[in-house]
Amino acid sequence: MAIDSTAMFSMSYGLYVVSAEADDLKAACLVNTAVQVTAEPIRMSVAVHKDNVTAGVIKDAGAFTITALDQTADMPYIGNFGFRSSDSYDKFSTYETAVSEVGSPYCPEHACAMYACNLIDTVDVGTHYLFIGEVVQAERLSDEKPLTYAYYHGTLKGKTPPKASSYQA
C-alpha cells in the first residue's frame, strides 16, 4: 500500500522558535514540532534538522528554550527566525531579547508562551535530532492565540523551508 504524504497535512502543528547559546554563539530556528511529552515531570521534545546551526548549539549548551508563536507574528518575524542562518546572522539583533533560566536567549515579542528546558536526551531520527528536555521554567507571555501551521499556510501564505520536518518536495 502506498503512502499519501499529503495525509501529514492533517496533523495539527504550532509554530515555535527554539533557541540556545553556547560559546558566545546565539542560535535559533523556527520549528513546527515541539510537544509536551510528559506531565510529571514536565518534559518536552523538539525536532531540529541536523544541518541547522541551532542543533549543534543545543548539544553544546545542554539546554534550549522554546517560544510558542502567537497570531501577531508577521512574515518578517517568521522569516528572521526561519529563513536565515545563525552562523552568519544575529537573529536576536532586531527584537527585544530576554534570557531564560537555562541561559538561552529568546524573544518575547509575538510569543504567547516560553518554556526553558535542560537537555536530558537526544534521539537521532534521520534528518533531524529529537531533543528531549525537562522544563525548568514556563511562562505565559500573552493572551494571544497560538499561531498554528494551518494559519501560517492559509492566512499568512507562508512557505515550508526544505529543512522543516514537514517539508514536501
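1. Start with the contacts. In this predicted model, 64% of the contacts with a separation of 6 or more are between residues 24 or more positions apart. One example of a pair brought together in space is Asp74 and Leu156: they sit 82 residues apart in sequence, and their C-alpha atoms are 7.8 Å apart.

2. On the overall fold, you'll count three helices and nine strands. Going along the sequence, the order is β-β-β-β-α-β-α-β-β-β-β-α. The radius of gyration is 15 Å, close to the 15 Å from the globule rule for 169 residues, so the protein is as compact as a globular protein of that length. The C-alpha trace spans about 45 × 35 × 30 Å along the principal axes.

3. How much of the protein is buried? Of its 169 residues, 43% count as buried. The accessible surface is about 8,800 Å², and carbon and sulfur atoms own 51% of that.

4. Now the empty space inside. Rolling a probe the size of a water molecule over the atoms shows where empty space is left. The structure has one cavity of 30 Å³ or more, and the volume of the largest cavity is about 40 Å³. Its lining is made by Val17, Ser19, Thr65, Thr67, Tyr77, Phe81, Tyr106 and Cys107. Strand 1 (16-22), strand 5 and helix 2 each put at least two residues into that lining. By class, the cavity lining has five nonpolar residues, three polar ones and no charged ones.

5. The second largest pocket is worth a look too. It holds about 190 Å³ of space. Fifteen residues line this pocket, and Tyr16, Gln36, Met44, Ala68 and Tyr115 are the closest to its centre. Strand 3 (34-39), strand 4 (42-49), strand 5 and strand 8 (111-124) each give two or more residues to the lining. Strand 3 has the largest share, with three residues. As for chemistry, the pocket lining comes out at 13 nonpolar, two polar and no charged residues.

6. Leu30 is a handy residue to click on. You'll find Leu30 in strand 2 (residues 25-31). Setting aside neighbours within four places in sequence, Leu30 contacts Leu15, Tyr16, Val17, Leu69, Ile78, Phe81 and Gly82. Two of these turn up above: Val17 and Phe81 are among the residues lining the largest cavity. Tyr115, on the other hand, is 15 Å from Leu30, C-alpha to C-alpha, with their positions 85 residues apart in sequence.

7. Check the backbone at Glu40 and Pro41. A cis peptide bond joins the two, with omega at about -5 degrees. Pro41 sits in the loop between strand 3 and strand 4, and both of those strands contribute to the lining of the second largest pocket.

8. The loop between strand 1 and strand 2 also deserves a glance. Asp23 is in this loop, and so is Asp24. Phi is positive at both, near 50 degrees for Asp23 and near 65 degrees for Asp24, and neither residue is a glycine. Are they buried or exposed? Asp23 has a relative accessible area of 72%, over the 50% cut-off, so it is exposed. Asp24, at 77% relative accessibility, counts as exposed as well.

9. Back to Asp74 to finish. This residue lies in the loop between strand 5 (63-69) and helix 2 (75-82). Asp74 has 34% relative accessibility, which falls between the 20% and 50% cut-offs, so it counts as partly exposed. The elements on either side of its loop, strand 5 and helix 2, both supply residues to the lining of the largest cavity.

Definitions and conventions. Residues are numbered from 1 along each chain as its sequence is written. This is a predicted model: local features need pLDDT of at least 70, side-chain atom pairs count only at pLDDT 80 or more; totals for chains, interfaces and linings use all residues. Side-chain values use heavy atoms; hydrogens and water are left out. Helices (H or I, at least four residues) and strands (E, at least two) are DSSP runs, numbered from the N terminus. Buried means under 20% relative accessible area, exposed over 50%, partly exposed in between (1.4 Å probe, protein chains only). On a 1 Å grid over the protein atoms alone, a cavity is a set of points where a 1.4 Å probe fits but cannot get out, and a pocket is an open set with protein on both sides within 12 Å along at least five of seven lines; lining residues have an atom within 4 Å of a point. Grid points are joined across faces, edges and corners, and a volume is the space filled by probe spheres set on the points. Ala, Val, Leu, Ile, Met, Phe, Trp, Tyr, Cys and Pro count as nonpolar, Asp, Glu, Lys and Arg as charged, and the others, Gly among them, as polar. The radius of gyration is taken over C-alpha atoms; the globule rule is 2.2 Å times the number of residues to the power 0.38. Contact means heavy atoms within 4.5 Å. Accessible areas come from the Shrake-Rupley method with a 1.4 Å probe; for residues, only the protein chains shown count as cover.
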